Amino acid sequence: MRPVVAEPGKRIAVFGAGYVGLVTGACFAELGHDVVVRDVDTAKIGVLQAGDVPIFEPGLDEVLDQNRERLRFTSDVAEAVEAAEFVYVAVGTPPTYSGDADLSAVWTVVDELPRLDHRIVVVMKSTVPVGTGDKVRHRLDGRGLADVGYASNPEFTAEGTALRDFMHPDRIVVGSFDDGDGDAVAALHSGIDAPVVHCDVASAEMIKLAANAALMTRISFINEIANVCEATGADVVSVAEGVGLDRRIGPKFLRAGIGFGGSCFPKDSLALKQLAANSGYHFQLLNAVIEVNELQKRRVLAKLERHLGTLRGKTVALLGLAFKPNTDDMREAPSLVLAGRLLSEGATVRAWDPVAHAHDLRGVMQVDSVEEALAGADAAVLVTEWPQLGEVDWAKIAGTMTTPVLIDGRNMLEPAAMLAAGFRYEAIGRAASGNAGG
Ligand code: UDX
C-alpha cells in the first residue's frame with residue numbers, strides 16, 4: 001500500500017450515465033473535482049441537464065443537486081474530454097449470447113477518444129474480463145495514443161447504497177501499468193478514508209470478478225443450507241446467525257432467499273465462468289453457484305403447488321418486483337423467472353412494487369397497493385423485502401384472500417406472527433414453523 005497524496009480538484013470525464021457512471025460522477029464532484037458526464041443517450045442527457053435524475057438511487061438527486069457547479073452533462077465526446085485529465089469508462093458490459101462480456105461500448109469509447117494536446121489517463125470502472133486492460137493498451141498504442149495512460153479502478157457499490165459505498169468503501173482498488181498513473185487515480189479519492197490496493201491491471205480486473213463470485217458463493221451456500229434445513233427441520237435464520245458469528249466467516253451475505261439477481265452478479269458470474277472456460281479451465285464451483293441460484297428461484301413453484309395443487313386458474317400475487325429493495329432495477333430479478341413460470345403454469349399473476357415497473361413482464365397485472373394485490377388471491381409470494389411490507393396489517397388482509405397462503409421468499413416476516421394472523425405461511429429454510437399450515 002502506498003500513501004494517498006491529496007490533490008486539488010481534477011477534471012474528470014465519465015463515459016456512461018447509468019447507475020455506475022452517475023454515482024461515480026456525483027461522488028467525484030462531491031470530493032471537489034470538476035466532472036463532465038457523457039452518454040450517447042441524448043434523452044437521458046436532456047433529463048440530467050434539466051436537473052432530473054433518470055434512475056432511482058437513494059440520495060443521488062441530492063448529491064447531484066449540491067454539486068451542480070462542478071457537474072455537466074453532454075452527449076458530445078469532444079466537449080467531455082477537451083479539458084479532462086481522467087476519462088472514466090462506466091459503460092455497460094452485458095453478456096453476449098456466448099456468456100462472454102460484450103465490450104462493444106468500451107471499444108466505442110476507446111476508438112472515439114480524440115488526440116489531445118495534454119495527457120489523459122483512461123480509467124476502467126466498468127466490470128470487464130481479465131485481460132481487457134492489455135487489449136485497450138494495445139488498441140490505444142495502435143491509434144498512436146501511447147501517451148494516454150490506463151488504469152483499472154473497479155467499483156464495489158451496491159445499488160440502493162451506492163453513494164455510501166463509494167464514499168465509505170472497504171477498499172479502493174487501483175491497477176495500473178505505470179505507478180504514476182496508479183498514484184494519480186488513487187489521489188482522486190483523497191478525502192475518502194479507506195485502504196488502497198495498488199496492483200497490476202489484470203489483478204485489479206480479477207479482484208472485482210473474484211469479490212462478486214465470493215459473495216454469490218456465500219448466497220448459494222446459505223440457500224443450499226436452507227434447503228437442507230427444510231428437509232431436516234432446522235431453521236436457516238438461526239443457523240446463519242450461529243455460523244456468521246464465527247469471525248472467520250462473518251455475518252454478511254448469509255441471508256437465504258429465492259436467489260440473487262441484479263445488474264452485476266448474474267452477468268459477472270457468467271463472464272467469469274466464460275473467461276475461465278475460454279482459457280481451458282472448468283470452474284466447477286462457480287458453475288454450481290449459478291445452477292443453485294437458478295433452481296432456487298424455481299423452488300417457490302413447488303411450495304405453491306403443495307398448498308394449492310395445480311396452479312392453473314389460480315391467482316398469485318407477487319409482493320415486490322425489483323431484484324432487491326431500494327431500487328427500481330429489474331435486471332435479472334428473480335420476479336422475472338417466477339412470473340414467467342407462474343404464467344406458463346396457467347396462473348394469473350398480479351404484482352405490487354413501490355418503484356419498479358413490470359414493463360418486461362408481459363401478462364402480469366401491476367397494482368398500486370399490497371391490499372389490491374392480495375384481495376381474492378389464492379396465494380402471495382414475498383419476492384422483494386421492501387420495508388413497506390413490514391408495515392402491512394397482515395391479520396386484516398388475510399381475510400381478503402381466497403386462500404391465505406404466503407410464501408416469504410426473503411424470510412422477512414415473523415413466522416409465529418404470520419401464523420397468528422391466519423396465514424398458511426412458509427419461508428425459505430424455516431421448516432419448523434413454516435410448514436405448519438401446509
Ligand atoms: C452487487 C455487489 O454487492 C457490488 O459490490 C457490486 O459492485 C455489484 O453487485 P448489487 O447487485 O447492487 O451489488 O446488490 P447486492 O446488495 O449485493 O445484492 C445482490 C443480490 O443478492 C440481490 O438479489 C439480493 O437480494 C441477493 N442477496 C444478497 C441474497 O439473496 N442474500 C444475501 O445475503 C445478500
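A salt bridge is taken here as a side-chain nitrogen of Lys or Arg within 4 Å of a carboxyl oxygen of Asp or Glu, and by that criterion the structure holds 25 salt bridges. The model is a predicted one, in which local features need pLDDT of at least 70 and side-chain atom pairs count only at pLDDT 80 or more, whereas totals for chains, interfaces and linings use all residues. Residues are numbered from 1 along each chain as its sequence is written, and side-chain values rest on heavy atoms, with hydrogens and water left out.

**Selected salt bridges**

Side chains of opposite charge can pair when their charged atoms come close. Three of these pairs are listed with their N to O distances.

| Pair | N to O distance |
|---|---|
| Glu155 and Lys208 | 3.2 Å |
| Arg164 and Asp165 | 3.7 Å |
| Glu230 and Lys303 | 2.4 Å |

Glu230 lies in helix H9 and Lys303 in helix H12 (residues 284-308), so this pair ties together parts that are 73 residues apart in sequence; helices (H or I, at least four residues) and strands (E, at least two) are DSSP runs, numbered from the N terminus. Both Glu230 and Lys303 are buried, where buried means under 20% relative accessible area, exposed means over 50%, and partly exposed lies in between, for a 1.4 Å probe and protein chains only. The two residues also belong to a network of salt bridges that links Glu230, Arg299, Lys303, Arg306 and Glu426.

Glu155 and Lys208 likewise form a salt bridge, and this pair links distant parts of the chain, since Glu155 sits in the loop between strand S6 (149-152) and helix H7 (162-167) while Lys208 sits in helix H9 (residues 201-232), 53 residues apart. Glu155 counts as buried because its relative accessibility is 5%, and Lys208 counts as buried at 4%. In the bridge between Arg164 and Asp165, Arg164 counts as exposed at 52% relative accessibility, whereas Asp165 is buried, with a relative accessible area of 16%.

**Helix H1**

Helix H1 (residues 19-30) has 12 residues, which at 1.5 Å a residue should span 16 Å, and its end C-alpha atoms are 16 Å apart, in agreement; the expected span is 1.5 Å times one less than the number of residues. Of the 12 residues of H1, 10 are buried, so the helix is largely enclosed by the rest of the structure. Among these buried residues are Tyr19, Leu22, Val23, Cys27 and Phe28. Just after H1, Gly32 takes a positive phi of about 105 degrees.
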